[in-house]
Structures are given as structure tokens and as C-alpha cells.
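Thanks for coming. I will take a few minutes to walk through one protein model, for those who have not seen it before.

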Amino acid sequence: MLDKFYITTAIDYVNGAPHIGHAYEKIISDIIARHYSLRTDNLFFLTGTDEHGIKIQKTALSKGIMPKQLCDENSQEFKDAWAKLDIGYNRFIRTTDEDHERVVQKIFQRLKDNGDIYKHEYEGWYCPGCESFLSPKDLTQDGLCPNHLRKPDIVKEENYFFKLTKYKDAIKDYIKSHPDFIVPAFRANEVLNQLEDIQDISVSRSKENVGWGIDILDDPEQSIYVWIDALSNYITAIGYDPDGSSDQFKKLWPVDVHVIGKDILKFHSIYWPAILMALDLPLPKHIFAHGWITIDETKMSKSLGNVVSPTSVLEHFELKYPDAFRYYMATSAPCGRDGNYSDTDFKEKVNAHLANSMGNLLNRSLSMLVKYFDGEIKEEFLTNRSKEAESLLRTASGSVKIIENHFNHFELQEAAQVIIGLVDSANKFITDNAPWTLAKENKMTECGQVLATVLEMMCIVSSLIYPYCPNIARDMAKQLSYDLTTKYDDITTSNIKAGKLISKEEIFPVFLRVDSELADKSKK
């Protein structure tokens with residue numbers, strides 16, 4: 001058991017509605033959090049929204065409303081979407097929250113008092129989309145921002161700057177001495193290369209140009225800008241305060257993992273560590289930079305009209321629960337690589353894995369138990385198992401540690417492959433041993449042993465699939481009379497007990513094929 005596990009996502013900018021890319025990050029983060037909830041009694045999962053800056057200011061102006069009203073409306077859209085996807089966060093922080101704004105002002109002042117922030121007149125290329133100043137090396141050959149494919153504005157202002165260069169060598173040493181700091185590891189070289197060219201960064205904007213932001217305490221003509229505001233949410237949300245932090249902060253920090261998109265890795269692996277060093281705080285244990293999700297192998301774009309809402313898949317396929325979508329998204333790409341969504345692939349994968357393999361195995365095993373034994377597990381079904389059955393259960397038990405190891409490296413697709421591999425092994429076992437044939441031959445003890453072995457396997461599978469498919473797992477556990485809150489350290493191969501397990505009326509399919517006539521309808 002771990003003492004604690006603290007996980008965060010990037011906070012989403014509320015200038016627009018949530019899309020499938022936002023959903024991907026929240027789903028994989030929720031899966032990681034649910035996994036670790038079975039390995040610790042002290043888990044904290046943070047997500048939220050980033051609500052300051054020029055884009056929000058301009059969008060609100062174009063709509064004829066105040067920026068806070070825009071933030072309130074759009075932030076609620078994100079909350080509503082995550083509720084439909086069963087994202088079980090502990091706190092949803094908004095950077096307009098009073099406690100966050102107050103502590104950000106203190107953080108800025110502390111850094112300024114310590115000499116890490118200074119005032120300087122600056123002229124440079126500024127991308128409103130990135131809310132960032134860019135160096136000529138950051139631009140494409142045509143002089144465009146590589147992320148937004150537009151020419152940055154030339155901005156000249158007197159702003160406050162953070163002494164990022166002061167921490168360059170310390171960050172470089174930390175990355176090199178902590179090979180698991182950046183996940184996947186191949187991205188570390190990318191960050192080390194970016195470190196070579198870093199300059200001090202602007203951490204304020206003139207109120208005249210960016211009015212929607214947090215005021216600097218002793219200079220109300222300047223707004224605190226992006227990095228110290230947005231990045232600090234990871235510590236303000238759990239009670240950090242330069243004048244005295246909460247017990248919760250002391251228990252949870254350092255964060256175990258920041259889950260972010262690969263496009264903001266630079267800010268989290270260079271800017272954020274430098275700020276933490278300046279505050280004399282420990283650095284994050286891991287920064288997990290995931291890839292992007294394409295739609296039918298094409299990058300999402302408003303102009304192409306292929307931006308997918310995170311809940312539209314549920315609506316299109318009339319799915320009552322989000323489990324199938326969660327499973328599909330989490331298994332769409334290896335650790336840190338790009339993934340793809342397509343309707344066809346979605347149907348094929350979830351039908352094959354969740355309906356045909358896992359759901360059907362449980363349903364027919366329980367149905368045979370009712371048919372041959374009136375739903376009762378007899379004592380002799382649980383003893384004197386065959387060598388093949390014992391080997392299968394040992395494999396299932398050993399898979400718990402294998403899956404823990406995959407999650408230690410944030411390898412969600414790889415862990416899911418192990419789980420489906422267990423299901424495939426159980427399907428092969430039941431096919432090879434043919435309990436229906438054993439029943440015909442009146443070998444009832446052997447028949448019961450085969451069914452009990454498979455049901456024992458399914459108890460373990462329900463625990464392992466729970467982070468991906470919480471509703472399916474609960475339905476499995478209910479029919480197996482299995483305690484789904486069992487911690488991984490306590491998982492055994494003796495969950496099925498002698499006695500009445502289930503009646504015919506209590507059996508139902510945990511997942512019906514997508515597009516089937518009965519899928520997620522009331523008559524299920």
C-alpha cells in the first residue's frame with residue numbers, strides 16, 4: 001500500500017467547449033486515479049479550468065458579456081462533460097476561485113521579494129493562441145506559430161520577468177539524474193534541447209493590454225500572466241500558502257504525476273520546476289506527456305469540421321454508461337504516443353473485448369451454473385482443481401503485479417492488453433474443458449470445477465477492469481458477490497465461496513454489443 005497518490009491534469013482553457021482531446025486526458029487520468037485508489041487510502045485527483053487571459057477577454061467582449069460570465073458558463077460545460085464520462089475528481093479548481101487568486105498574489109510577491117522576479121521592457125513575438133512569447137527558433141520557416149499557424153504579434157511592453165535562466169543548470173541536472181521524471185523517457189532529450197535556448201520569461205502583462213487577470217499586489221497596473229497563475233493551481237488547490245501551508249498540502253506534495261499534453265511539456269518540465277525551485281518546494285515525481293487524438297487519422301480542426309464532442313459518442317451509440325468509450329480511448333495509443341478515434345474501430349474493439357470476450361464469458365458461465373447447479377457453488381468445486389485450472393489462477397494472480405508495474409509507468413494500453421489476455425485465457429480454458437460436455441457425461445464435479453475456476457478468474461478481472469470500466473466492473477462484481485473495493489494487495493484466488501451464488505433472474509449481460517437491438521435499452 002502506498003502512503004498517498006496525488007494526480008493532476010492540465011487545466012483546460014475555457015475559451016471554447018470541451019472536445020475529445022480534452023476528454024482523452026481526463027479519461028486516462030481518471031483511470032490512473034481509480035487504479036491507485038486500490039493501492040492507497042489517500043488519493044487526490046485534481047482537474048479544473050484556466051480562466052484568465054486575453055482570449056477570454058476578447059471572446060467575452062465579442063459576445064457582449066463580462067469575462068467572468070463566460071468563464072462560469074464554459075467551466076460548467078467542462079464539469080457537465082466530465083460527469084457524463086464518470087471522471088471522479090476530488091477537486092475541480094478554477095483559476096478565478098478566490099483562494100487560488102489570493103495565494104497566487106502571495107506567490108508572485110514572494111518570488112519578487114526574493115529577487116526571482118524583476119521588471120524589464122521587452123519587445124518580442126507574441127502568440128495570442130499560445131498566450132506565450134516565442135523566439136525566432138520557435139517559429140516555422142514562414143514565421144508562423146507552429147501550433148496555431150498564424151503570425152505572432154509584435155508586442156512591446158514593460159513587464160515583470162521570472163529568472164528562468166537562473167535555474168537552467170539545476171533543471172538539466174535534475175532531468176538527467178531522474179530518468180523517470182519525464183514520461184515517456186524519449187521526451188527528455190526534447191526538453192534538454194529546449195533548455196539550451198531558454199530565456200527569462202514574462203510573468204505579467206500590462207493591464208492596458210490584458211485586463212482580465214489577477215492584479216499584482218503592489219503594482220495594480222500589471223496582471224499576473226499565465227505561468228505563475230495557471231501552473232500554481234497544482235499547489236494552491238491542496239492548500240499551499242507561502243505564509244504557512246495546510247496539513248493536506250504537506251501530506252500530498254510532491255505530486256505523484258502531472259498528466260498533460262505533449263504540446264505543453266516545456267512549460268511543465270522547465271517553467272514549473274524553476275518556479276518550484278524558487279519557492280524551495282520539491283519537484284513533481286513524474287510528468288506524463290500524452291499524445292494527441294486524431295479523428296479518422298486526421299488532426300482535429302474547426303475548419304475541417306471534425307472536432308468531436310466528448311459526449312457525442314455516447315449519444316450517437318445511445319450508450320447509457322461511458323465505459324466503452326473510456327476503454328476505447330485509454331487503449332487507443334501506447335504510452336505517450338498519438339492515438340486515433342473512428343466509429344468503425346470503436347465498434348469493433350469494444351464489441352470484441354467487452355461484449356464478445358469479457359461479457360459473454362461471464363454471462364454463459366453464470367448461465368451454466370444456474371442450468372446445471374441451480375446457481376449453487378458446491379464445496380467440491382473449490383478443491384482438487386486440475387493443474388490447468390491452478391495454472392490459470394496463478395497467472396491471474398500474478399497479473400496483478402504486472403498491471404501495477406504498467407501503471408507505475410502509465411502504460412494504460414499495455415495494462416489493458418494484459419487484462420484482455422486473461423479473459424482470452426479463460427475463454428480458451430472453458431472451450432478446452434467444455435463444461436457442457438462434462439455435464440452430458442454426468443461428470444458434474446469436474447463441470448462445476450471448470451465453472452468455479454472461470455468465475456474466480458472473473459472476480460480478479462472485475463478488479464483489474466474497474467479503472468477503465470467502473471460500471472461494467474460493478475455489474476460483474478454484483479453477479480459474482482465480489483467486493484470491488486478489495487485493494488490490490490488483498491486480491492486472492494479464493495473469492496468464490498460455497499453456497500448459492502446467483503439465480504436465473506439475477507443474471508444479466510454486463511455489456512451488450514454496440515448497435516445491437518437491446519444495447520443499453522430499458523429491456524436490457
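I will start with confidence, then go through some helices, two hollow spaces and a few backbone details.

What you see is a predicted model. The mean pLDDT of the protein is 93, and 97% of its residues reach 70 or more. There is a weak stretch, though. Over residues 517–524 pLDDT stays under 50, and the model gives that stretch 16 contacts beyond four places in sequence. Please read those contacts with the low pLDDT in mind.

Now the helices. Helix α4 covers residues 98–113. Its 16 residues should span 22 Å at 1.5 Å a residue, and its end C-alpha atoms are 23 Å apart, so the two values agree. Which residues of α4 are buried? They are H100, V103, V104, Q105, I107, F108, Q109 and L111. As background, an α-helix has 3.6 residues a turn, so residues three or four places apart point the same way. Following α4 there is G115, with a positive phi near 85°.

Helix α15 runs over residues 412–433 and has 22 residues. From first C-alpha to last it reaches 32 Å, close to the expected 32 Å. A434 follows α15 with a positive phi as well, near 40°.

A third helix, α3, spans residues 67–84 and holds S75. S75 has a relative accessible area of 1%, so it counts as buried, the cut-off being under 20%. Setting aside neighbours within four places in sequence, S75 is in contact with V14, T49, E51, F92 and R94.

For a strand, take β10, residues 204–206, where R205 sits. Is R205 buried or exposed? At 4% relative accessibility, R205 counts as buried. Beyond four places in sequence, R205 has contacts with Y126, F133, V155, E157, N159, V210, E221, Q222, S223 and Y225. Two glutamates, E157 and E221, are included in that list. L231 lies 26 residues from R205 along the chain, and their C-alpha atoms are separated by 16 Å.

Next, the hollow spaces. How many cavities of 30 Å³ or more does a search of the whole structure find? It finds two. I will describe the second largest cavity, which holds about 60 Å³ of space. Its lining is made of Y24, I28, F288, A330, A333, P334, C335, G336, F410, L412, Q413 and E414. By class, that is nine nonpolar, two polar and one charged residues. Helices α1, residues 20–37, and α15 each supply at least two residues of this lining. The largest share, three residues, comes from α15.

There are open pockets too, and the second largest pocket has a volume of about 310 Å³. Its lining has 18 residues, and D180, H286, N408, H409 and F410 lie nearest its centre. Sorted by class, the pocket lining has ten nonpolar, three polar and five charged residues.

F410 has now come up in the lining of the cavity and in that of the pocket. Where is F410 placed? F410 is in the loop between α14, residues 387–408, and α15. With a relative accessible area of 1%, F410 is buried. Phi of F410 is near 60°, a positive value in a residue other than glycine.

That brings me to backbone geometry. Most residues other than glycine have a negative phi, and most peptide bonds are trans. S481 departs from the phi part of that pattern: its phi is positive, about 55°, although it is not a glycine. S481 lies in the loop between α18, residues 470–480, and β18, residues 499–500. At 54% relative accessibility, S481 counts as exposed, whereas F410 is buried.

Last, two cis peptide bonds. The bond from V183 to P184 is cis, with omega near -5°. P184 is found in the loop between β8, residues 182–183, and α6, residues 187–195. The bond from W253 to P254 is also cis, with omega near 10°. P254 is in the loop between α9, residues 247–252, and β13, residues 257–261.

To leave you with one residue to look up, I would pick F410: it is buried, has a positive phi, and lines the second largest cavity. That is the end of my tour.

Notes. Residues numbered from 1 in each chain as written. Predicted model: local features only at pLDDT ≥ 70, side-chain atom pairs only at ≥ 80, totals over all residues. Heavy atoms only, no water. Helix = DSSP H or I, 4+ residues; strand = E, 2+ residues; numbered from the N terminus. Expected span 1.5 Å × (residues − 1). 1 Å grid on protein atoms, 1.4 Å probe; cavity = no way out; pocket = protein on both sides within 12 Å on 5 of 7 lines; lining within 4 Å. Points joined across faces, edges and corners; volume = space filled by probe spheres on them. Nonpolar A, V, L, I, M, F, W, Y, C, P; charged D, E, K, R; others polar. pLDDT = per-residue confidence, 0-100. Contact = heavy atoms within 4.5 Å. Buried < 20%, exposed > 50% of the residue type's maximum accessible area, 1.4 Å probe, protein only.
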